[in-house]
Amino acid sequence: MKKDLPRHARVVVVGGGVVGSSIAYQLTKAGVSDVVLLERGALTCGTSWHAAGLIMQLRGGHTSTEIASYNAKFYPELEADTGMMTGFKQNGTLAIGRNKDRVHEMSRRASLAKSFGIETHTLSPSETKEMYPALDQDFIEGGLFIPGDGQLNPVDTVNALINGAKKRGARVFEETLVGKMQRLPSGEYQLETNIGPITCEKLVLACGLWTRDFAAQLGVRVPLFACEHMYVVTEPMDFIHPALPVLRDTDGYTYMKEDAGKLLIGSFEPRGKALPVGNLPTDQRFIEMQEDWDHFALPYSKAMEMVPDLADVGINRFMNGPESFTPDDLPCLGEAPGLPNCFIAAGLNSEGFEISPGISRALARWIIDGEPDLDLVDYDVARFHPFQTNQNYLSARAPESLGGIFEMPWPFKDHESARPARKSHLHDRLAARGACFGETAGWERPMWFAPKGVEPRNEYSFFRPNWYEHTARECLAARETVVLMDISSFGKTLVKGRDACAYLNWMCVSEMDVPVGKLVYTHMLNSKGGIEVDITVDRMAEDQYMVYSSAGVHFRDMNWMQNHIRGDQHVTLTELTAAYSVLNVQGPNSRGLLETLSGADLSNEAFPFLTAQEIEIGYAIIRAKRMTFVGELGWELQIPSEFVQDVYDIIIKAGQAFGLVEAGYHTLEHLRCERAYREYGLDLAPDDTPIEAGLGFIVKMDKPGGFIGRDALVPQKGQTLTKRMVNFKLKDSEPALFHDELIWMNGVRVGYLSSGAYGFNLGSAVGMGYVKHPDGVTADTINSAEFEIEIACERFAAEASLKSFYDPTGARVKM
């Protein structure tokens, strides 16, 4: 493939593994023929060559499954398109559950599969053994068979992708080492290689585990770290045949597949072995690390439990190769923050062949159209915070990320490694008062408070986790007395400059030219009218606004805002999250408590809802914001961080007389679901519009100058919608809801829940989700239909409403 390197290309892709070759293929298939792919060695020589080649369609949620499930359709199409075989065969996946919790989790996936028409079969222990006779039934609680899954040959697949890309115009250069990269004043990128320079309009970095260090020279943050990933291949065994399904024993940390009459056994053990890039061999091609039976002993012993014949068979090969992992087990995908037209596609967490078809197709559209055509928020490389490229952090987190591939996906499961990374000024005080902490974007956040005599430790469950009774107490206090929450981790961005008002008015759907001290809940949209940013804004002065974001998407929000500042606008963004702590005081007694401490008049007349004023508590000057995310009278107190400890102590002491209870983020989640407040990343996404979300009241269609995405909303405003957010409450008080449970209307599947939680103040679980119906989703439709929510293949009757089940008029927040 060596020929003269062109001086210029529309798109240059760096990396010749499955990711880079898939992107080149999808770009050319979409009509972009001027593509150059550069590979420093031979194709697949990084990590793709030693992949197991497993193909599984289902993931833990609808968004990720939408991307992954494309694989089963794509690989046969690739063979037909190129005439080259990939080795893809649909021998199916047989997942095994060793306990009732795993069987329940598999049943949840079987429910989810119905949304995509993916065939699944839940199996009893005996049926599981009948399908795979070599198993020891004593270790089996149940099984799930997915016949459309399968396996392929990694090297053959990459060769087919390259063939398909080349026949549509792509040029591929092996043995081409990229050295220095830079962005030119023209906005194009220049790459120096061992065979000459090349410039391009758009650059794609798909360099696998080397992407972190390679992209750093452009100032791009890509938090990846390698681990050793091991598998063995046995000698031939009598029970193995070509149609043997791929076995996934996630409780035993292993997968097994047929490999030319032998059994390939790989693992995602609970804690992997971190592998610094500097420890890799000098010749970084087709790398094989040393065997490590001490590390592999645990998963292999589990494999022998499940397949006893393994105790008597020899090992033909031990493979130990590097794979890269991200801090949250999700890929790094999308346009690099601050670098227009530089795209990242890396960190596939040892699942490259499974999800490359979906992410490469999505990234190709992003490259061509300038924005994604589906929800990629969870994968967006802009989501990461600067500290997350720290090598000490990544080295501590990566082994857990490897184990996370097969770990039980408990609701609200928190990472245990690389903690604590970031702590609020109140962390030690909260810990002393029984806080059990979770982690978001590195922040240690109190999730619930254990009373005296109870250990603040999580016991996860799909039904009743151990914190439920304590969270219920916190939820009751929020509705009856008053609660105090530390929500300091919420992102804070100061937008300042003479053009700040005009800029935000163009960016936001709401009117932003409001009086100083006015709070505005609003959205920023893409060109299709989808929600990209969900924020609350405080106008602090004529030329400055404070923007509040959820911690998990804060840097993504900042990136969106920064990318839309025009060169002629005088607007600056300043990140101020750590500068201010925030105490959230909510509940009927919040006014009395804060008036007692501040001496301020907090009545409706003096301090209306959705306004901000300065008050004094202790020696601090505090910006008090009358707002709520729980559906009660309350204030969020923005306090200079150096003052927050004293303010906290004062509130705790005075709060005893008002029935004050400390509360955590679980309480915030349960209460906001009772009140049907939407959360970004769950209920709001780039493929949802504010009108579909039931938030049309924040959209000012007639404001002068309009806003980004306005034209896409015109057909929806005032019309009957075929997609609409609906609230649900189970009639049975026992089940719990979390997300992704299916919605059935009159026996027809019409959607799934985006959020769910137990309504402790309502007596049963509540949830919300988009209902889709070709005849429209109206109040009459909802009121006249029978609804059910499917949880793990079992349906439960539910009430449905376009309004919240708790305080549907919103009277309590204005009391």
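Which ring does the charged end of Lys723 sit over? The ring of Tyr770, at 4.8 Å from its centre. For me, a charge sits over a ring if NZ of Lys or CZ of Arg is within 6 Å of the ring centre and within 35 degrees of the ring normal. There's another case: the charged end of Arg40 is over the ring of Trp210, 4.4 Å from the centre.

Okay, ground rules. This is a predicted model, so to speak of local features we need pLDDT of at least 70, side-chain atom pairs count only at pLDDT 80 or more, and totals for chains, interfaces and linings use all residues. Numbering runs from 1 along each chain as its sequence is written, and side-chain values use heavy atoms, with hydrogens and water left out.

On to aromatics. A pair of rings is described by the distance of the centres and the angle of the planes. Rings of Phe, Tyr and Trp (its six-membered ring) pair if their centres lie within 6.5 Å; planes under 30 degrees apart are stacked, over 60 edge-to-face, and the rest tilted. That rule gives 27 aromatic pairs. Take Tyr25 and Phe74: the ring centres are 5.6 Å apart and the planes stand at 80 degrees, so this one is edge-to-face. What I like is that the pair links distant parts of the chain, with Tyr25 in helix H1 (residues 18-29) and Phe74 in helix H3 (residues 70-82), 49 residues apart. Helices here are DSSP runs (H or I, at least four residues), strands likewise (E, at least two), numbered from the N terminus.

Are those two rings' residues buried or exposed? Tyr25 is buried at 1% relative accessibility, and Phe74 is buried at 1% as well. Buried means under 20% relative accessible area, exposed over 50%, and partly exposed in between, with a 1.4 Å probe and protein chains only. Tyr25 and Phe74 also belong to one aromatic cluster with Tyr70, Tyr75 and Phe88.

Now the holes. A cavity, on a 1 Å grid over the protein atoms alone, is a set of points where a 1.4 Å probe fits but cannot get out; lining residues have an atom within 4 Å of a point. Grid points are joined across faces, edges and corners, and the volume is the space filled by probe spheres set on the points. How many cavities of 30 Å³ or more does the structure hold? Two.

The largest has about 50 Å³ of space. Its lining includes Trp443, Glu444, Arg445, Asp486 and Tyr665. Strand S22 (residues 443-449) gives the most to that lining, with four residues. By class, you get four nonpolar, three polar and three charged residues. In that scheme Ala, Val, Leu, Ile, Met, Phe, Trp, Tyr, Cys and Pro are nonpolar, Asp, Glu, Lys and Arg are charged, and the others, Gly among them, are polar.

The second largest cavity has about 30 Å³. Among its lining residues are His385, Arg422, Trp443, Ser489, His554 and Glu575. Here the split is three nonpolar, five polar and two charged. Trp443 turns up in the lining of the largest cavity and in that of the second largest.

Cysteines next. A disulfide, taken as a pair of cysteine sulfur atoms within 2.5 Å, is something the whole-structure search finds zero of. Why is Cys436 not bonded? Its sulfur is 16 Å from the closest cysteine sulfur, in Cys475, and that's too far for a bond. Cys436 is buried, at 4% relative accessibility. Cys508 is in no disulfide either; the nearest cysteine sulfur, from Cys501, is 10 Å away. Cys508 is buried too, at 0%.

Last bit: backbone oddities. Most residues other than glycine have a negative phi, and most peptide bonds are trans. The bond from Arg419 to Pro420, though, is cis, with omega near -5 degrees. Pro420 is in the loop between helix H10 (391-404) and strand S20 (422-423).

For phi, Glu175 has a positive value of about 55 degrees without being a glycine. Glu175 lies in the loop between strand S8 (171-173) and strand S9 (178-183), and is partly exposed at 34%. Asp740 is another non-glycine with positive phi, near 70 degrees. Asp740 is in the loop between S34 and strand S35 (742-745), and at 14% relative accessibility it's buried.

That's my tour, thanks.

Key
On a 1 Å grid over the protein atoms alone, a cavity is a set of points where a 1.4 Å probe fits but cannot get out, and a pocket is an open set with protein on both sides within 12 Å along at least five of seven lines; lining residues have an atom within 4 Å of a point.
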